[in-house]
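Here is a short report on one protein chain. Look over the sequence and the model before reading on.

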Amino acid sequence: MSAATSRTGAGVLVIDHMAKGTESRKFRAGGTIAKKRAADGVVYHVENVVPFAPGSGGKTSLSIVKDRHGDIRANTPERLT
């Protein structure tokens, strides 16, 4: 993905995984600080609250970690930030 891709108006979604170890997991995904600094938009943290299963659904928590321009956080209900 190049920076030029996002400048053309195309939506760009990058997904990163969490560390496997419980101790390192509290620091979030590997290299997060550099990745978050490079993001020129919004960074979300998604966490499973109740694991998804066929036929029964599940539950996920979504929180805003970074909102570079402030547009998303400004238009999000308080309970979701």
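## Burial and overall make-up

A residue is called buried when its relative accessible area is under 20%, exposed when it is over 50%, and partly exposed in between. This is a predicted model. By that cut-off, 7% of the 81 residues in the chain are buried. The chain exposes about 6,800 Å². Carbon and sulfur atoms supply 57% of that area.

The chain has four helices and two strands. Read from the N terminus, the order is α-α-α-β-β-α. Take the contacts in the chain with a separation of 6 or more: 22% of them join residues 24 or more positions apart.

## Strand β1: Val46 and Val50

Strand β1 covers residues 42-53. Val46 sits in this strand, and so does Val50. How do the two valines rate for exposure? Val46 has 53% relative accessibility, so it counts as exposed. Val50 has a relative accessible area of 40%, so it is partly exposed.

Val50 touches Gly58 and Lys59, leaving aside residues up to four places away in sequence. Val50 and Ser61 are 11 residues apart in sequence. Their C-alpha atoms are 9.4 Å apart in space.

## A nonpolar surface patch

Which residues make the nonpolar surface patch? Tyr44, Val46, Leu62 and Ile72 do. The patch measures about 360 Å². Val46, the exposed valine of strand β1, is one of its members. Ile72 is another member of the patch, and Ile72 also touches Asp67.

## Asp67: a buried acid

Asp67 lies in strand β2, which spans residues 57-67. Is Asp67 buried or exposed? Asp67 is buried, yet it has no salt bridge. The nearest side chain of opposite charge belongs to Arg73, 5.2 Å away. A salt bridge needs a side-chain nitrogen of Lys or Arg within 4 Å of a carboxyl oxygen of Asp or Glu.

What does Asp67 touch, not counting residues up to four places away in sequence? The list is Gly41, Val42, Ile72, Arg73 and Ala74. Arg73 is thus on the contact list of Asp67, although the pair forms no salt bridge. The Asp67 side chain also has a backbone neighbour: one of its polar atoms lies 3.5 Å from the backbone nitrogen of Asp71.

Definitions and conventions:
Residues are numbered from 1 along each chain as its sequence is written. This is a predicted model: local features need pLDDT of at least 70, side-chain atom pairs count only at pLDDT 80 or more; totals for chains, interfaces and linings use all residues. Side-chain values use heavy atoms; hydrogens and water are left out. Patches are made of residues with over 30% relative accessible area and no salt bridge: like charges are joined within 9 Å, nonpolar side chains (Val, Leu, Ile, Met, Phe, Trp, Tyr) within 5 Å. Accessible areas come from the Shrake-Rupley method with a 1.4 Å probe; for residues, only the protein chains shown count as cover. Buried means under 20% relative accessible area, exposed over 50%, partly exposed in between (1.4 Å probe, protein chains only). Contact means heavy atoms within 4.5 Å. Lys and Arg count as positive and Asp and Glu as negative; His and the chain ends are not counted. A polar contact is a pair of N or O atoms within 3.5 Å; within protein, one must be able to donate a hydrogen and the other to accept it, and residues adjacent in sequence count only if both atoms are side-chain atoms.
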